[in-house]
Amino acid sequence: MIKKEHLSYPILLAEEINGQLHVYCPYCASTHYHGNEGIKIAHCRRVESPFNFTGYYVLKKEKYKEVRRLTNEYPKLRIGVLESGE
């Protein structure tokens, strides 16, 4: 279940392949691998990637609709990254 506090992190949508979650990183243009969903430390090779400072939330693509429903109450989701409604 996705909680309100998770929506403060950038969200990367993952595809599950052979038990691992694969997420594409737009900052280093490579795939990062994680074992499960949740808040993660970035594996980004680019030092200037903002993910190295913030981390990100890994979410299976199938659950994206749940996040879209939550965004009606919380900040807007734009291309997998949350932006402030202010």
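Select Ser49 as the starting point: this residue is buried, with a relative accessible area of 1%. The model on display is a predicted one. Ser49 sits in the loop that runs between strand E4 (38–40) and helix H1 (51–54). Leaving aside residues up to four places away in sequence, Ser49 touches Tyr27 and Cys44. Both of these residues return later in the tour.

**The whole chain**

Zoom out and colour the chain by secondary structure. Two helices and seven strands appear, and from the N terminus on their order is β-β-β-β-α-β-α-β-β. Of the 86 residues in the chain, 37% are buried. Among contacts with a separation of 6 or more, 45% are between residues 24 or more positions apart. With the surface displayed, the chain exposes about 5,900 Å², of which carbon and sulfur atoms supply 49%.

**The aromatic cluster**

Return to Tyr27, one of the two residues touched by Ser49, and add Phe51 and Tyr56 to the selection. These three residues form one aromatic cluster, and the structure holds two aromatic pairs. In the pair of Tyr27 and Phe51, the ring centres are 5.0 Å apart and the planes stand at 90°, so the arrangement is edge-to-face. Tyr27 lies in the loop between strand E2 (20–25) and strand E3 (30–34), while Phe51 belongs to helix H1, so this pair ties together parts that are 24 residues apart in sequence.

Is Phe51 buried or exposed? Phe51 is buried, because its relative accessible area is 4% and the cut-off for burial is under 20%. Tyr27, by contrast, is partly exposed at 36%. Phe51 also pairs edge-to-face with Tyr56, at 5.2 Å centre to centre and with 65° between the planes. Tyr56 is buried, with a relative accessible area of 0%.

Next, select Tyr57, which lies in strand E5. Tyr57 counts as buried at 7% relative accessibility. Display its C-alpha atom together with that of Gly38: the two are separated by 5.3 Å, although the residues are 19 positions apart along the chain.

**The cysteines**

Select Cys44, the other residue that Ser49 touches, together with Cys25 and Cys28. How many disulfides does the structure hold? The structure holds zero disulfides. Cys25 is in no disulfide, and its nearest cysteine sulfur, that of Cys28, is 3.7 Å away. A disulfide requires sulfur atoms within 2.5 Å, so the distance from Cys25 to Cys28 does not qualify. Cys25 is buried, with a relative accessible area of 0%. Cys44 is likewise in no disulfide, and the nearest cysteine sulfur is again that of Cys28, at 3.7 Å. Cys44 is buried, with a relative accessible area of 11%.

**The salt bridges**

Side chains of opposite charge can pair when their charged atoms come close. A search of the whole structure finds three salt bridges.

Begin with Lys61 and Glu15, which form a salt bridge whose closest N and O atoms are 3.9 Å apart. Lys61 is in the loop between strand E5 (56–60) and helix H2 (64–70), and Glu15 is in strand E1 (residues 11–17); the pair links distant parts of the chain, 46 residues apart. Lys61 is partly exposed, with a relative accessible area of 46%, and Glu15 is partly exposed at 40%.

Move to Lys60, which forms a salt bridge with Glu16, the closest N and O atoms being 3.1 Å apart. Which elements does this pair connect? Lys60 lies in strand E5 and Glu16 in strand E1, so the salt bridge ties together parts that are 44 residues apart in sequence. Lys60 is partly exposed, with a relative accessible area of 23%, as is Glu16, at 43%.

For the last stop, select Arg46 and Glu48. Their side chains meet in a salt bridge with an N to O distance of 2.4 Å. Arg46 counts as partly exposed, at 40% relative accessibility.

Note on methods
Residues are numbered from 1 along each chain as its sequence is written. This is a predicted model: local features need pLDDT of at least 70, side-chain atom pairs count only at pLDDT 80 or more; totals for chains, interfaces and linings use all residues. Side-chain values use heavy atoms; hydrogens and water are left out. Helices (H or I, at least four residues) and strands (E, at least two) are DSSP runs, numbered from the N terminus. Buried means under 20% relative accessible area, exposed over 50%, partly exposed in between (1.4 Å probe, protein chains only). Contact means heavy atoms within 4.5 Å. Accessible areas come from the Shrake-Rupley method with a 1.4 Å probe; for residues, only the protein chains shown count as cover. A salt bridge is a side-chain nitrogen of Lys or Arg within 4 Å of a carboxyl oxygen of Asp or Glu. Rings of Phe, Tyr and Trp (its six-membered ring) pair if their centres lie within 6.5 Å; planes under 30 degrees apart count as stacked, over 60 as edge-to-face and the rest as tilted.
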